[in-house]
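Thanks for passing this one along. Here are a few notes to read beside the structure, with the sheet taken before the helices.

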Amino acid sequence: MSNLIYNDDEPIRKIDSQDEEEADLDLDGKTEAKIINKQEAPLEETPFKVLLELEGVGTDEGRLGVDLVTILDRDLLDISGGMSGTKLAKLKLAMQFLVQKLSRADRLSVVTFNSNAHKLCPLRQITEDSKTEIANQVNELVAQYTTNTEAGLKMALKILNDRTHTKRRGVAIMLMSDGMEDKSSHAASVPVGHVPVYTFGFGTDCDPKVLSDISRQSNGGMFAAVPELDNLSVAFSTSLAGLLNVNAGNYAQMKGTTVVDPVAVTFGTLYNRETRKVLVKLTLPKVDKRLGVNIYRVVYKYRVAGQDAFNSEERTVNITLKAIANEAERQEVLDEEKRIGTASSIKAARLLADAKKLEMAREKLVDAKASLSEIDAIHTAQLNQLLLFMVSQETYDKQGKAFALALEASHESQRATLSLEMLLFIKQAGLFNQDPINYQVPTAEEDKVTIASVAPTREPPKQEDWRYARFKQVIDLTHSIADKLREHDPRAAFSGKK
């Protein structure tokens, strides 16, 4: 496989011409930075917090085309035993939805693997003809055994690396597996470079460790646990919505310069309307009199598909040191501290549960919940759902660990929340699953109109109303899982009290 050259990627053609299409994007000005901090501090030595936000503003002129390689574990296609073809049918249905959501700006290649990797098709431009042909190829797949995940991942990376047409194109890999690989396979050791790898762990018997490690070491990838195969298209939709709404600045740095050495923070892909946050904690020295002082300098840069770097102007953080400084901490700073605290508690609880200390893990989560208020609906929902998966060690081992690792990954990448595009794709995926024959999956242009009609203004929303409405879907999912668990184990009716 290593001697083959995969330079057979199709060029992007215009609808009414055979000429290769150039991306028509206004690339500048698609990333904005905000600095949030108090304006005053006392004269004595004091801790001081600065919140830096980097936001993808997006563009109305177009988007980067995506070169996507999906990797399918053929061992998942087992139609023997008691599954009666469920995994196979759900996987094919999810792939149909994925293909329908791609546009002519995108290209798709499909790789399968068992003991070796196989290229089902090269990177093909998404047209009505290629949609049908790719769907037919996937539908013809049959089960094969043994699982060499490493071979599948290496082939997908080589397909992207050997491309002929690469100008201003995003790349990504989606890997679908149960996480179990042969002894000769070591997929987590494969260097993926700057390619985001989205991994999906299938079934309640999924081993999430390898899949989580692969996505974590990639540039902007995510791990999603899919214990219920009915939710497969939904899991696909959240990742796909992000990929198809990549902000033009898909590589960003924020540098803060203080009296100590400069600090650089590097982010992965930044989606449209997505925000990255850095909470900087400083110690201001004691001074003898009132003083206006510059305490921080910030610059950032971003690139488009690894090219065309743009640099911001320098931004400064200025405050006034005075004898009496009673200004309250900014709410945005407090919110980010809560999010970081929630993420820390989830990881600590996961490590305790892995060590078979389930009661201590539950106590950790309950304590974390006690520090939250009603406004923290999304964090509370995450903790509640993990608590439900910790109803017993068996339930945790089968489903809870994968869910906890997925939560950790979303917090580490700061994608613990859902964008409007993701919510829209989730709704469409649900409708498609209900009626895949008659439901017409909306086009990219139709999605654009829908998003424009419901997108919030640039003015800060009222947190009390906006957060709950935005994440009510997560809360409803928590209740749904609770009901399912109660059917199998009455102890799952966990009240949240010790």
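**Notes on the sheet and two helices**

1. Six strands form an open sheet in the order β6-β5-β4-β7-β8-β9, and their pairing is mixed. At the edges sit β6 and β9 (223-226), each of which pairs on one side only. From one strand to the next, the twist averages 15°. Do keep in mind that this is a predicted model.

2. Towards the β9 edge, β8 and β9 pair in the parallel sense, over 4 bridges. If you would like a residue pair to look at, phenylalanine 200 has alanine 224 in β9 as its bridge partner.

3. Helix α3 packs on this sheet and touches β4, β5, β6, β7 and β8, with its direction at about 30° to that of β6. The helix covers residues 149-161 and reaches 18 Å from first C-alpha to last, close to the 18 Å expected.

4. How many of the 13 residues of α3 are buried? The count is 11, so α3 is largely enclosed by the rest of the structure. Among the buried ones are Leu153, Met155, Leu157, Ile159 and Leu160, but also Glu150 and Lys158. Their cover includes β7 (169-177), β8 (197-202) and α4 (208-216).

5. Helix α2 (residues 128-139) has 12 residues and a reach of 17 Å, close to the expected 16 Å. Its buried residues are Ser130, Lys131, Ile134 and Val138. These lie on the same side of α2, because they cover an arc of only 105° around the axis. Glu128 and Asp129 are exposed, on the face turned away from that buried side.

Terms used:
Residues numbered from 1 in each chain as written. Predicted model: local features only at pLDDT ≥ 70, side-chain atom pairs only at ≥ 80, totals over all residues. Heavy atoms only, no water. Expected span 1.5 Å × (residues − 1). Buried < 20%, exposed > 50% of the residue type's maximum accessible area, 1.4 Å probe, protein only. Arc of directions from axis to C-beta. Contact = heavy atoms within 4.5 Å. Pairing = 2+ DSSP bridges. Axes fitted to C-alpha atoms, helices over the stretch in contact; angles between N-to-C directions.
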